[in-house]
Each structure stands twice: as C-alpha cells, then as structure tokens.
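Please open the model in your viewer and keep the selection tool ready. The stops below are meant to be taken in order.

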Amino acid sequence: MSVLFLRSNCWVNLKMTDKLNLVLIFGGRSGEHAVSLRSAQSVLAALDETKYQVFQVGITTEGLWLYGANAHQAFRDGSFELLQEALILSDDGKPYLYTREGNHLESITPIDVIFPVLHGTFGEDGTIQGLFEIQNCAYVGAGVLGSSVAMDKAVCKHVMRSIGVPVLEYAVFSRREVQADLAETIASAEQVAPYPLFVKPANLGSSVGISKARNREELASALQLAARFDRRILVERGISPREIEISVLGNTEAQCTVPGEIVPGDEFYTYKDKYQSGDPEVAIPAPLPEAQTALLQQYAIDAFKAVDGAGLARVDFLIDKVSGEVYFNEINTMPGFTEISMYPKLWLYSGLSYTELVNRLIELALERKAEQDETIRKFEE
Ligand SMILES: Nc1ncnc2c1ncn2[C@@H]1O[C@H](COP(=O)(O)OP(=O)(O)O)[C@@H](O)[C@H]1O
Ligand SMILES: [Mg+2]
C-alpha cells in the first residue's frame, strides 16, 4: 500500500508569526464525551488568538479523529460531513497534524503543543498520552503513568495508602470473581466494613456504574452492575460525607488552592447531579478549621506528586460527617474544565483567571516536554 505524503505550504506561512500551533482535542470514546465538548468550548473561547493558532480535532464516540476549522461546532451539532479524518504523526522527531483521504495524507501543521480536553477512558487514562509520547508531542496534563494511576481507583488507593494519605477501607474484586462465585465475592466484600458499602468500577468516572449498597441484596446487584463497566471492581466503606475538592497546578513544583465544598443535591454526587440538574451548590473556600485545610492541602500535593501528576489535577476528599475524619477519594487529571467547573473556580478564588489558567497550563506542557527532552535515551559504553 502506498501512502503519499504531501506537505502543504500553509504551515510555513503560519510559522512566520510567533504563534504556537496548538491542537485542541475534544470529544472522545468515553462516557464523558459530552462533558468534554462543554469543557473544550470554554477552553476554545479562552485561547488567545494572538498567542495560538488553534487546530480543532474532535474524536467521535466510535474513536474516529476528525479535523476541521469549526470541528467543535460540528461536534456539537452532530454534523461531521465537512470534517476530514485526522491523525498525528512525527516526521524526523517533529509531530505534525495530518488529514487523510484514502491513502493520501496532507500535512496541516507542525504541532507545538496539544491540549487534550478529554475526560475519562481513552482520554484521561494514559492511553492517548502514550500516543502523544510516541509522536514526541508536548501536551497539557499528566503523562502516561500519572494519568493511568489516577484513573484506576484501586491502584490509586494502594498508592495513597502507601504514602500515608488516608483512604476508606476497601477491597478489589475481579469481574471473573463476581461471575464465577457471587456468594463468595459478597462474603469477602462484607468483610470490608458494615453496610452501607460503595461499589465502583475501578476505571470509570462521572459516577457511572457506582452504587451504594445498604444490604446483601443491593450488594449483589451493585457488584453485577459494576462488573459490566469494568474488569475490576472496588468495594469500600460507605460514609455520610462532606465532599471537598482542591485544585493543583504545576509540574515537579506544584501549588494548590483552598479547598472547595460541593453540596450534592442527590443522595450522593451522582451523574445526574453532576451534569443534569444544573450546578450543585458550592462553597469556596470550604468552611473548615484552618488546621484541616492545611492538612488537606498537604495531602493534595502529596497525592499529585505520588502519581507523578503534571499540569493540573483536582484532588477530591470525603470528610466523614459523623467522625470528622478526612479521606482521599480520587484524583482527576483532567477535571471538568468549563468556566464554571470547580477546578478553575478554585483558581479564580486564588486570583488566577480562566484565561491565565489556560495559558499557564500550556506553558507547563512546554516546560515538561523540555524537561523530558533532557533525558538521555541512548547509552553508549
Ligand atoms: N465511600 C463512599 N462513601 C460515601 N459516598 C461515596 C463514597 N464513595 C463515593 N461516594 C459518593 O459517590 C460519588 C462518586 O464517587 P467517586 O469515587 O468520586 O467516583 P467518580 O469518579 O465517578 O466521581 C462521590 O462524589 C460521593 O458522593
Ligand atoms: Mg468523583
């Protein structure tokens, strides 16, 4: 099969300006496709045209990459006809955005930086980050390891426990165990803690597949439901929680905001509550004693470092309403990023506007790439 490479001259002209060629990627093969479109809309509106030449690439729910000048609007309208299939390839160590028609590839632009505004599977879990690494791209957010460790609720809890960041008691089960011997799995899950128990697929977000089980019957259905969404299932002690979130920004040196608090409208912070019933009530800063705020901030930075976070992360905690104990719940390496999302709102409280935040994330992506490029890849004796 012959593949024809054609370099159009347009990028040469673009390069004459000092703008960064930025590829904005949104959508994705994830339950959070629609959320990503919303986050990307805010990012798109905030990208300074004098600083960036923006190239819009959407990923369909089937995983097809599509490029077009107005790809974002096209994705929102669900009309893909005018878009072209897109791909990223490096040539002599430099990444380019190409479009493809049959065997014909056309270079659209060299890539200076990628902003993947993707949430959940295939976007926030290290898989697409692996592709960026292979093609030698600078990109916003955590790398392969940070993304995948943060995405996996089970591995992430093992890591937090090992560095002394408190987590609720938990156990991990496999889909095979649930399928092969439900009664045995239930018996082991009941060892975790008294009811209620929370059952979660290890690798999803947005509360999909998560249930609160108040008794054995509910535990059985919760395990079976979670096993449909993932091969690995987490069962943990359920508490009546306050929900606290902290935003982290940086690479090796990271800073964090004050904690914010979410007051869920539903019994727990469900998908509906997150995305369908309007904005949950939010308190910034969360009304907490000073010492507890400081402790949570330390845990947030520790968690970010432990997973090798980069760029941004939102670290979520649960505080037991009864005992007042603090627990790490999860770390999101590409948290909801609309202008009214908790992540940027917390930074706004610290004096960093949404636009400044977007600029800083892009700088951090370039700094991280430069730092990575210091690594010796060849070893000669
Ligand atoms: N152990 C728990 N006890 C009480 N509530 C919980 C527990 N785990 C999760 N929840 C509730 O479920 C929501 C979603 O769980 P979470 O682990 O944050 O998954 P997701 O990745 O889907 O956000 C939380 O925001 C919280 O409201
Ligand atoms: Mg959550």
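The tour goes from the domains to a sheet, its helices and then some strand pairs.

Before selecting anything, note that this is a predicted model, in which local features need pLDDT of at least 70 and side-chain atom pairs count only at pLDDT 80 or more, while totals for chains, interfaces and linings use all residues. Residues are numbered from 1 along each chain as its sequence is written, and chains are lettered from A and ligands numbered from 1 in the order in which they are written.

**Stop 1: the domains**

Colour three ranges of the protein chain: domain 1 (4-139), domain 2 (169-237) and domain 3 (240-372). These bounds come from an automatic or database domain assignment. Now show where domain 1 touches domain 3: 18 residues of domain 1 and 14 residues of domain 3 make the contact. Two residues are in contact if their C-beta atoms, placed from the backbone, lie within 7 Å.

On the domain 1 side, select α2 (33-46) and β8 (113-116), the elements that give two or more residues to it. Helices (H or I, at least four residues) and strands (E, at least two) are DSSP runs, numbered from the N terminus. The largest share of this side, 6 residues, belongs to α2. By class, the domain 1 side has 11 nonpolar, 4 polar and 3 charged residues. Here Ala, Val, Leu, Ile, Met, Phe, Trp, Tyr, Cys and Pro count as nonpolar, Asp, Glu, Lys and Arg as charged, and the others, Gly among them, as polar.

**Stop 2: a four-stranded sheet**

Next, select the open sheet of 4 strands, which is antiparallel and has the order β9-β12-β10-β11. Because β9 (170-174) and β11 (211-213) each have a single partner strand, they stand at the edges, and one side of each lacks a neighbour in the sheet. Strands β9 and β12 (residues 232-237) are antiparallel and joined by 5 bridges; strands pair if DSSP finds at least two bridges between them. Label A171 and V235 to see one bridge pair of these strands.

**Stop 3: helices on and beside the sheet**

Add helix α6 (residues 153-162), which lies across β9, β10 (197-201) and β12, at about 50 degrees to β12. Axes are lines fitted to C-alpha atoms, for helices over the stretch in contact, and angles run from 0 to 180 degrees between N-to-C directions. Helix α8 also packs on the sheet, where it touches β9, β10 and β12, and its direction makes about 165 degrees with that of β9.

Then show α8 (residues 182-189) with α9 (residues 216-229): their axes are 10 Å apart and the packing angle is about 115 degrees. That angle makes the two helices, α8 and α9, roughly perpendicular (65 to 115 degrees). For the contact itself, display L182, T185, I186 and A189 of α8 against R216, L219, A220 and L223 of α9.

**Stop 4: two hairpins**

Select strands β5 (residues 84-91) and β6 (residues 94-101), an antiparallel pair with 7 bridges. L89 stands opposite Y96 of β6. In this hairpin, 2 residues lie between the strands, and D92 has a positive phi near 55 degrees.

Move on to β7 (residues 104-110), joined antiparallel to β6 by 6 bridges. Which residue of β7 is the bridge partner of E101? It is H104. The hairpin of β6 and β7 has 2 residues between the strands, and G102 has a positive phi near 60 degrees.

**Stop 5: E261**

Finally, label E261 in β15, the bridge partner of I244. In β16, E261 has A283 as its bridge partner.

Notes: Angles under 35 degrees count as roughly parallel, over 145 as roughly antiparallel, 65 to 115 as roughly perpendicular and the rest as oblique.
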